[in-house]
Structure formats: structure tokens, C-alpha cells
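Me: I would like a close look at a single part of this model, set within the protein as a whole. Please take one residue, describe its surroundings with care, and then widen the view.

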Amino acid sequence: MLTIDAMTFDSARLALAKGEAAIGLGETVFDLAGVKSADSSGVALLLAWQRRALSAGHRLTFINVPDNVRKLAALYGVDTLVAPA
């Protein structure tokens, strides 16, 4: 299960790579409970990870998504794409 501590503009590149590596290993559950800081880049990360997983024939489940990321996803109209299965 993937765990990360930040989903911000400054950490997005590293977080994207960690997520891609986890997807490559067959991970399908990303636990975001350890995220201490997040901004709109967090939504972009969730979408990028989901897109990569779908292209590999999987769908990710995100658990413990920070409230601010959920709210941003709803604002952008993509909340159903990042909602738990």
C-alpha cells in the first residue's frame, strides 16, 4: 500500500514517481492518512495515478483522502474519479 506525506506542488514529482512505482508493483490501494500537506497538486496526482492504473488494467482505491483534497476534487468536478470504490 502506498503511503506519502505530502501532495503539494513541491513534492508532486517525487510523489508521482512513488505512485507509478507502486502501480507497477500491482498496488491498488493508496492510503493517504500520512499526508500532512496537500494543495491542488494533490488532485492532479490522484488523477495521474488513476489514469496510469487504468491504462494497466486496474482501478485504484484511495483511502483517508485529506478533506481539502476531497473538497478540491469536488470543486473541479472529479470527485467521482478519486472516490473510494
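Reply: The accessible surface of this protein, which is a predicted model, comes to about 4700 Å², and carbon and sulfur atoms account for 58% of that area. Of the 85 residues, 39% count as buried, and the residue chosen here, Leu81, is not among them, since with a relative accessibility of 42% Leu81 counts as partly exposed, the range for that class lying between 20% and 50%.

Leu81 has its place in helix H4, which covers residues 79-82. Leaving aside residues up to four places away in sequence, Leu81 touches Leu47, Gln50 and Arg59. A residue that lies 12 positions from Leu81 along the chain is Val69, and the C-alpha atoms of Leu81 and Val69 are separated by 13 Å.

A second residue may be set beside this one. Ala17 is found in helix H1, and because its relative accessibility is 41%, Ala17 counts as partly exposed. For Ala17 the corresponding partner along the chain is Asp5, 12 residues apart, with 14 Å between the C-alpha atoms of Ala17 and Asp5.

As for the setting of these helices, the protein has four helices and five strands, and read from the N terminus the elements follow the order β-β-α-β-β-α-β-α-α. Contacts that reach far along the sequence are well represented: among those between residues at least 6 apart in sequence, 75% join residues at least 24 apart.

The overall dimensions can be stated in two ways. Along its principal axes the C-alpha trace spans about 30 × 25 × 20 Å, while the radius of gyration is 11 Å, which agrees with the value near 12 Å that a compact globule of 85 residues would have. The charged side chains comprise 8 positive and 8 negative ones, and the centres of these two sets lie 3 Å apart.

Finally, a word on confidence. The mean pLDDT of the protein is 92, and 98% of the residues score at least 70. Among the elements, helix H1, residues 12-24, has the highest mean pLDDT, at 96, whereas strand E1, residues 2-3, has the lowest, at 77. Where pLDDT is low, predicted coordinates should not be read in detail.

Definitions and conventions: Residues are numbered from 1 along each chain as its sequence is written. This is a predicted model: local features need pLDDT of at least 70, side-chain atom pairs count only at pLDDT 80 or more; totals for chains, interfaces and linings use all residues. Side-chain values use heavy atoms; hydrogens and water are left out. pLDDT is the predictor's confidence in each residue, from 0 to 100. Helices (H or I, at least four residues) and strands (E, at least two) are DSSP runs, numbered from the N terminus. Buried means under 20% relative accessible area, exposed over 50%, partly exposed in between (1.4 Å probe, protein chains only). Contact means heavy atoms within 4.5 Å. The radius of gyration is taken over C-alpha atoms; the globule rule is 2.2 Å times the number of residues to the power 0.38. Accessible areas come from the Shrake-Rupley method with a 1.4 Å probe; for residues, only the protein chains shown count as cover. Lys and Arg count as positive and Asp and Glu as negative; His and the chain ends are not counted. The place of a charge is taken as NZ of Lys, CZ of Arg, CG of Asp or CD of Glu.
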